[in-house]
Amino acid sequence: MAINIIHRIPQFLVLLLLFSCLSTIRCDNDFSQLPPVTPINRDLYRTSAALMEEIEALVNRHPDKLHMETFRSSNKGYNAELNVVTYCQNRTAIEDKSKFRILLSFGQHARELITTELALRILSILSEEQFLPKVDPLLLKKTLEKIVIKVVPVENLNGRKKVEAGDLCERRNGRGVDLNRNWSVDWGKKEKDFDPYEEYPGPAPFSEPEAQLMRKLSTSFDPHIWVNVHSGMEALFMPYDHKNTTPSGIQSQKMKLMLETLNHLHCGDRCVVGSGGGSVGYLAHGTTTDYMYDVARVPMSYTFEIYGDEKASSRDCFKMFNPVDHVTFNRVLNEWSAMFFAMFNMGAHQMTDVQESTPFNNINHLISIDDYLNGYLIERKSRYGEKKEFLDLELQRVTDHTCLPFLFETK
């Protein structure tokens, strides 16, 4: 008797479960309702190692135009590496401060693989191994004579490796810090919807070696244009990210005019244009672009968002942030390559207009942001002395002297 009861217990439980399901309007199966998670399309996307190998080979094939350096830093046993590719039509003119200087960073958020593919495409066009349709190569060459471009193809290499290992929603670096929240402007402030998995800013401004390396790069290069390239939507953002407003003055108007022109020419007027804080739907504190504008005094500081699938599930991160088919993948790279080269052209023409209208013996007076249109692009005094915010000076002193040990190498 006891044996028969024991054998019947599993059947009883099954019948009870079935009855429970039938007694409701419908029997939900949570797992069946979840959308599938899209894997990385290996036919479209390279690993970070393969991407850097291809870029290094590109540099080696064009040593007259391209130069690559690798910088390293460490903090409390955490090591980071930053590869920087410099383009200049004449390698000997890289240090020519009269040239228009552009600094571009891709892959700051690990899951945004499409941004690093765009970096490779831009470098391929600069080396003339690929070409932009409907662009006169001679006119493009004339434009590129006037500029120097530094490209960081994968800013967050450690985080990228975590994505490649299967953590497709990871955006932070190798130790869980959002690199786009680790800068000093309004650092550490948390909104009501703060998500530490998404936005953890680190224990202090510039605590992360990647951010330290990018800060040193921006200081030494002193760019006229900075663009931080992301995905998640289609947008052309200017400061500010940490508040719902744009800077005041003629320089802000000039920045917005450039974005509106690019949006019309290459985004079909569908890109969101404005401040990050006022347009994206939430405020972001401690961002790179706000630092570049407010502290580093980069005259044109932007964040470009090059792709986003708004219909994708929040758990389907690869699909949300990256095109998954060949047609969309190629469209994004083609459209945004054209966007960037249009920006290069606008900057180069701006330089020409300034040089033709401003005597060189007045260079020492051309240092104000508000005087940008009257010659700010030609030659400037250091923006890292008196103009540097006291807060940033203190943060730099603390970071440089307390973070263990800061290694800075090139090869």
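In this predicted model, F206 is placed in the loop between helix 7 (196-199) and helix 8 (209-221). Its phi is near 60°, a positive value in a residue other than glycine. F206 counts as buried, at 0% relative accessibility. A second residue of this kind is E128, with phi near 70°. E128 sits in the loop between helix 4 and helix 5. Unlike the buried F206, E128 is partly exposed, with a relative accessible area of 42%. Most residues other than glycine have a negative phi, and most peptide bonds are trans. A cis peptide bond is present between P239 and Y240, with omega at about 10°. Y240 belongs to the loop between strand 6 (233-238) and helix 9 (250-266).

The protein chain as a whole comprises 14 helices and eight strands. Of its 411 residues, 53% are buried. The accessible surface amounts to about 19,300 Å². Carbon and sulfur atoms account for 55% of that surface. Contacts across long sequence separations are frequent: among those between residues at least 6 apart, 78% join residues at least 24 apart.

Helix 5 spans residues 137-144. Its buried residues are L140, T143 and L144. Viewed down the helix axis, these fall within an arc of 95°, so they line one face of the helix. L138, L139 and K142 are exposed on the other side. The N-terminal end of helix 5 is capped by D136. A side-chain oxygen of D136 lies 2.9 Å from the backbone nitrogen of L138.

Polar contacts from a side chain to backbone nitrogens also occur at D325. This residue lies in the loop between helix 12 (317-321) and helix 13. The D325 side chain reaches the backbone nitrogen of V327 at 3.2 Å. It reaches that of T328 at 2.8 Å. D325 is partly exposed, with a relative accessible area of 32%. Its C-alpha atom is separated by 8.2 Å from that of N41, although the two residues are 284 apart along the chain.

E305 is listed by UniProt under "active site", in an unreviewed entry. The residue is found in strand 8 (residues 300-307). With a relative accessible area of 13%, E305 is buried; the cut-off for this class is under 20%. Beyond its neighbours within four places in sequence, E305 is in contact with H230, S231, G232, M233, E234, A235, F237 and W336. The E305 side chain reaches the backbone nitrogen of G232 at 3.4 Å.

Two of these partners, H230 and S231, are also touched by T115. T115 lies in helix 4 (residues 113-126). At 0% relative accessibility, T115 counts as buried. Its other contacts beyond four places in sequence are F106, G107, V229 and I306.

F237, another partner of E305, is in contact with G274 as well. G274 lies in strand 7 (residues 272-275). It counts as buried, at 6% relative accessibility. Beyond residues up to four places away, G274 also touches L236, M238 and S279. G274 and T245 are 29 residues apart in sequence. Their C-alpha atoms are 8.6 Å apart in space.

Aromatic residues form a further set of contacts. A pair of aromatic rings is described by the distance of the centres and the angle of the planes. The count comes to twelve aromatic pairs. One of them, F341 with F344, is edge-to-face. The ring centres are 5.0 Å apart, with 65° between the planes. F341 and F344 are three residues apart in helix 13 (residues 326-357), a separation of about one helical turn. Both F341 and F344 are buried.

These two residues belong to one aromatic cluster together with F106, Y302, F304, W336 and F340. Two members of the cluster recur among the contacts above. F106 is touched by T115. W336 is in contact with E305, the residue listed by UniProt for "active site" in the unreviewed entry.

Terms used:
Residues numbered from 1 in each chain as written. Predicted model: local features only at pLDDT ≥ 70, side-chain atom pairs only at ≥ 80, totals over all residues. Heavy atoms only, no water. Buried < 20%, exposed > 50% of the residue type's maximum accessible area, 1.4 Å probe, protein only. Helix = DSSP H or I, 4+ residues; strand = E, 2+ residues; numbered from the N terminus. Arc of directions from axis to C-beta. Polar contact = N/O pair within 3.5 Å; in protein donor to acceptor, adjacent residues only side chain to side chain. UniProt positions renumbered as here; feature names shortened; annotations may be inferred. Contact = heavy atoms within 4.5 Å. Areas by Shrake-Rupley, 256 points an atom, 1.4 Å probe, with all protein chains shown as cover. Phe/Tyr/Trp six-rings, centres within 6.5 Å; stacked < 30°, edge-to-face > 60°.
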